[in-house]
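Student: Could you take me through this structure, please?
Tutor: Certainly; here it is.
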Amino acid sequence: MSDETPPSQIKVSEMTPESGAAMTDETALSAAISIRDLAKTFDGKEYVLRDLSLDIPKGKITVVIGYSGTGKSVLLKHILGLLKPTQGSIKVLGREITGMSTEQLTKLRHSFGMLFQYAALFDDMTAIENVLFPLREHRRELSQDQMIQIARARLREAGLDEKHYKKLPAEMSGGMRKRVGLARALALDPEIIVYDEPTTGLDPVLTEMVDNLIVSTHNLRKGTTSIVVSHDLYAAFRIGDHVVMLDSGRVLLHGTPQEFLDSDIDLVKRFVSKGVRKELHVHSEPSHSVE
Ligand SMILES: Nc1ncnc2c1ncn2[C@@H]1O[C@H](COP(=O)(O)OP(=O)(O)OP(=O)(O)O)[C@@H](O)[C@H]1O
Ligand SMILES: [Mg+2]
């Protein structure tokens, strides 16, 4: 897929050598994620996602925004192969994932680093043990020393001071836990890093730290694709190369921050003018649908 791919990377191309035909799609080649006509219903009646088509460009930071309940996390779970679409196509790094077996999907997930709102660290493991965990699971060919070297490098990259490496999550601050979560997300050298609400519930100082960390991690890892789901419009504009706004399970607007500022779409204008933090509890408001 890429000449720059480090040898440690588990390549998607190793999974489905027979599906090379998928690579003839030009869009799929230039996009890290290419979604066509995606629809999802859980109950067979109400559609959480519908007619959703989206290309997430390689090597960029794309921020997905939208009111609560518009399908941002459900979209992310489809991209990660954690949910099966009712309809539609999802290509990750050029490979169709909708028909993949559980085993193939598990391998595919090694191309992803994931950081969620609560870093979800293992409470009984130290910082460095948390980062070692995915290496011990998936990189068994490495020696213990090599794994420790990688774990230390990732923690350094995530900005955690060495004196905290042996601390348990309960002994760390929220910011340190985020750094460990990020270091663990980076452990397997992912091509795509996915963040779901990485700053929700954090104070402004920590929010800025995590936003900066997302950008510095992205810039340090050449070619990495970052996808950030956020309520925070301010962050979206500050860190996003591209912003995607979902509404009622559809893409309302996909563009640069400037295109959002210039948009004539009523809902976008409201979202932009109010700032998103205030919008957290208005998702029950019926008027934001664009049907
Ligand atoms: N496993 C599930 N089963 C049934 N319905 C679900 C499931 N997961 C999500 N939904 C529904 O899908 C819709 C979209 O949920 P989603 O979690 O994607 O929203 P969101 O945009 O991420 O919201 P938030 O900003 O609050 O995180 C919601 O109505 C939710 O109830
Ligand atoms: Mg969500």
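Tutor: The helix pair comes first, then the sheet. This is a predicted model, in which local features need pLDDT of at least 70 and side-chain atom pairs count only at pLDDT 80 or more, while totals for chains, interfaces and linings use all residues. Residues are numbered from 1 along each chain as its sequence is written, and chains are lettered from A and ligands numbered from 1 in the order in which they are written.

Student: At what angle do helix α6 and helix α7 pack?
Tutor: Helix α6 (residues 174-186) and helix α7 (residues 204-220) pack at about 20 degrees, with axes 10 Å apart. Helices are DSSP runs of H or I with at least four residues, and strands are runs of E with at least two, numbered from the N terminus. Axes are lines fitted to C-alpha atoms, for helices over the stretch in contact, and angles run from 0 to 180 degrees between N-to-C directions.

Student: Which residues of α6 and α7 make the contact?
Tutor: From α6 there are G174, G175, K178 and L182, and from α7 L206, M209, V210, L213 and T217. Contact requires C-beta atoms, placed from the backbone, within 7 Å.

Student: Now the sheet: what is the order of the four strands?
Tutor: The open sheet runs β2-β1-β4-β5 with antiparallel pairing; strands pair if DSSP finds at least two bridges between them. β2 (47-57) and β5 (95-96) each have a single partner strand, so one side of each lacks a neighbour in the sheet.

Student: How many bridges join β1 and β4?
Tutor: Strand β1 (residues 31-41) and strand β4 (residues 87-92) pair over five bridges. R36 stands opposite S89 in β4.

Notes. Contact = placed C-beta atoms within 7 Å.
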